[in-house]
Amino acid sequence: MLGLPNSTSEECTDTLQTYGKCCDRVLMANYDLTASQAYSLLALEELGEVTMNELAREMRLHGTTMTRMLDSLVEKRLAQRKPDPGDRRVVRVSLSAQGQEMVQALQTCKRQYLAAAFDGLSDAEREAILHALQRLASTAEDLGARCCAC
């Protein structure tokens, strides 16, 4: 069971969510992608070739929603579909060559955005943030391993 958040943890949560929203806006403005499309491309890069159902499950989207999103990524030539050789009913999806290039651009943009945010901080502040983020990531992984903590 999770404890009740205190004002500091709520402020940290709000700050992390603000960072995520700002990062999403930068990606959308620079690459003509919705945040969901960008994160779908990043997921495909990580997963490799998968079925539509596997991608929908990873993205936590309903199958029809994932299909519509993939339609737009295929139309932009960022993803590709192909039939599963072992089962004609199954469609497999993967990044196209252009999609792989887009993923590299997205990752570079995210890194540059975050680097710019860190530019005004001292080395000591960066070290403190790094340490805190590493602890936060470890705690989040532990919570996730025990089930959905929400």
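## Serine 94 and its neighbours

Two residues are in contact here when they have heavy atoms within 4.5 Å of each other. With that in mind, let's look at this predicted model, starting from a single side chain. Serine 94 is found in strand S3. Leaving aside residues up to four places away in sequence, serine 94 touches Leu44, Glu49, Ala79 and Gln80.

Is serine 94 buried or exposed? Buried means under 20% relative accessible area, so serine 94, at 12% relative accessibility, counts as buried.

## Helix H5

Strand S3 (87-95) is also one of the elements that the buried residues of H5 pack against, together with helix H1 (7-31) and helix H2 (35-47). Helix H5 itself covers residues 97-118, 22 residues in total. From its first C-alpha to its last, H5 reaches 32 Å, close to the 32 Å expected at 1.5 Å a residue.

Which residues of H5 are buried? They are Gly99, Met102, Val103, Leu106 and Cys109. Looking down the axis of H5, you will find these buried residues within an arc of 125°, so they line one face of the helix. An α-helix has 3.6 residues a turn, so residues three or four places apart point the same way. Turn H5 around, and the face away from its buried side carries the exposed residues Ala97, Glu101, Arg111 and Gln112.

## Helix H3

Helix H3 (residues 52-59) also has a buried side, made up of Met52, Leu55, Ala56 and Met59. Seen down the axis of H3, these buried residues fall within an arc of 100°, so they line one face of the helix. On the other side of H3, Asn53 and Arg57 are exposed.

What do the buried residues of H3 pack against? Their partners are H2, strand S1 (50-51), helix H4 (63-75) and S3. H2 and S3 also appear among the packing partners of the buried residues of H5. Just past the end of the helix, H3 is followed by arginine 60, which has a positive phi, near 60°.

## The second largest pocket

Our last stop is the second largest pocket, which holds about 150 Å³ of space. Which residues line the second largest pocket? The lining consists of Arg135, Leu136, Thr139, Ala140 and Leu143.

Sorted by class, the lining of this pocket has 3 nonpolar residues, 1 polar and 1 charged. Leu136, Ala140 and Leu143 belong to the nonpolar class, Thr139 counts as polar, and Arg135 is charged.

Notes. Residues numbered from 1 in each chain as written. Predicted model: local features only at pLDDT ≥ 70, side-chain atom pairs only at ≥ 80, totals over all residues. Heavy atoms only, no water. 1 Å grid on protein atoms, 1.4 Å probe; cavity = no way out; pocket = protein on both sides within 12 Å on 5 of 7 lines; lining within 4 Å. Points joined across faces, edges and corners; volume = space filled by probe spheres on them. Helix = DSSP H or I, 4+ residues; strand = E, 2+ residues; numbered from the N terminus. Expected span 1.5 Å × (residues − 1). Buried < 20%, exposed > 50% of the residue type's maximum accessible area, 1.4 Å probe, protein only. Arc of directions from axis to C-beta.
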